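Student: Could you help me learn to read a protein model? I would like to go through it one feature at a time.

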Amino acid sequence: IALRAGIVNLKRLTQPHFYSALNAKTQSLTDGLKAAAQAAAVPFKIHQMGGLFGLLFTENEVYNVSDVKNCDIDAYKRFFHQMLKSGIYLAPSAYEAGVMSSAHTDADINYTLE
């Protein structure tokens, strides 16, 4: 069963435009989170590459782990737990990346942004 699941997964990964669609979904989520933070005047930075993203509560640019240590980690913890209460599972630590999958829908992204 595991081998069959792996083969099916590899076939999906090699379909035309798979990665561009995944990138677009992730971009939609990260753009929406940036806009929400900006509207609420919350200091916030988000980085995204492909299906991975990282979000931090800070006014400063973030380039490395030293920069992350200067972010508001407690704000991230509060945000994580509030999102979890709403059924949205993010990376449990500001030091980890969030992951978008091909299974996520536009409805999932919109629910997250709401």
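Student: Which side chain meets Lys 45 in a salt bridge?

Tutor: Let's start with the general idea. Side chains of opposite charge can pair when their charged atoms come close. Keep in mind that this is a predicted model. Here the partner of Lys 45 is Glu 61, with 3.2 Å from N to O. Lys 45 lies in strand 1, while Glu 61 lies in the loop between strand 2 and helix 3, so the pair ties together parts that are 16 residues apart in sequence. Glu 61 is partly exposed, at 42% relative accessible area.

Student: How many salt bridges does the whole structure hold?

Tutor: A search finds two. In the other, Asp 74 pairs with Lys 77, and their closest N and O atoms are 4.0 Å apart. Both residues belong to helix 4, three residues apart, which is about one turn of the helix. The general rule helps here. An α-helix has 3.6 residues a turn, so residues three or four places apart point the same way. Asp 74 is partly exposed at 45% relative accessibility, and Lys 77 is partly exposed at 45%.

Student: What about helix 2: where do its buried residues fall, seen down the axis?

Tutor: First, meet some of them: the buried residues include Phe 18, Leu 22, Leu 29 and Leu 33. Seen down the axis, the buried residues of helix 2 fall within an arc of 155 degrees, so they line one face of the helix. They pack against helix 1, strand 1, strand 2 and helix 5. On the other side of helix 2, Gln 38 and Ala 39 are exposed. Just after the helix, Ala 41 has a positive phi of about 55 degrees.

Student: And how do I read aromatic rings?

Tutor: A pair of aromatic rings is described by the distance of the centres and the angle of the planes. This structure holds three such pairs. In one of them, Phe 18 and Tyr 19 sit edge-to-face, 5.0 Å centre to centre with 85 degrees between the planes. Phe 18 is buried at 16% relative accessibility, whereas Tyr 19 is exposed at 51%.

Student: Why is the pair of Phe 44 and Phe 57 edge-to-face?

Tutor: Planes over 60 degrees apart count as edge-to-face. The planes of Phe 44 and Phe 57 are at 65 degrees, with ring centres 5.4 Å apart, so this pair qualifies. Phe 44 is buried at 14% relative accessible area, and Phe 57 is buried at 12%. Together with Phe 79, these two residues form one aromatic cluster.

Methods. Residues are numbered from 1 along each chain as its sequence is written. This is a predicted model: local features need pLDDT of at least 70, side-chain atom pairs count only at pLDDT 80 or more; totals for chains, interfaces and linings use all residues. Side-chain values use heavy atoms; hydrogens and water are left out. Rings of Phe, Tyr and Trp (its six-membered ring) pair if their centres lie within 6.5 Å; planes under 30 degrees apart count as stacked, over 60 as edge-to-face and the rest as tilted. Buried means under 20% relative accessible area, exposed over 50%, partly exposed in between (1.4 Å probe, protein chains only). Helices (H or I, at least four residues) and strands (E, at least two) are DSSP runs, numbered from the N terminus. The arc is that of the directions from the helix axis to the C-beta atoms. Contact means heavy atoms within 4.5 Å.
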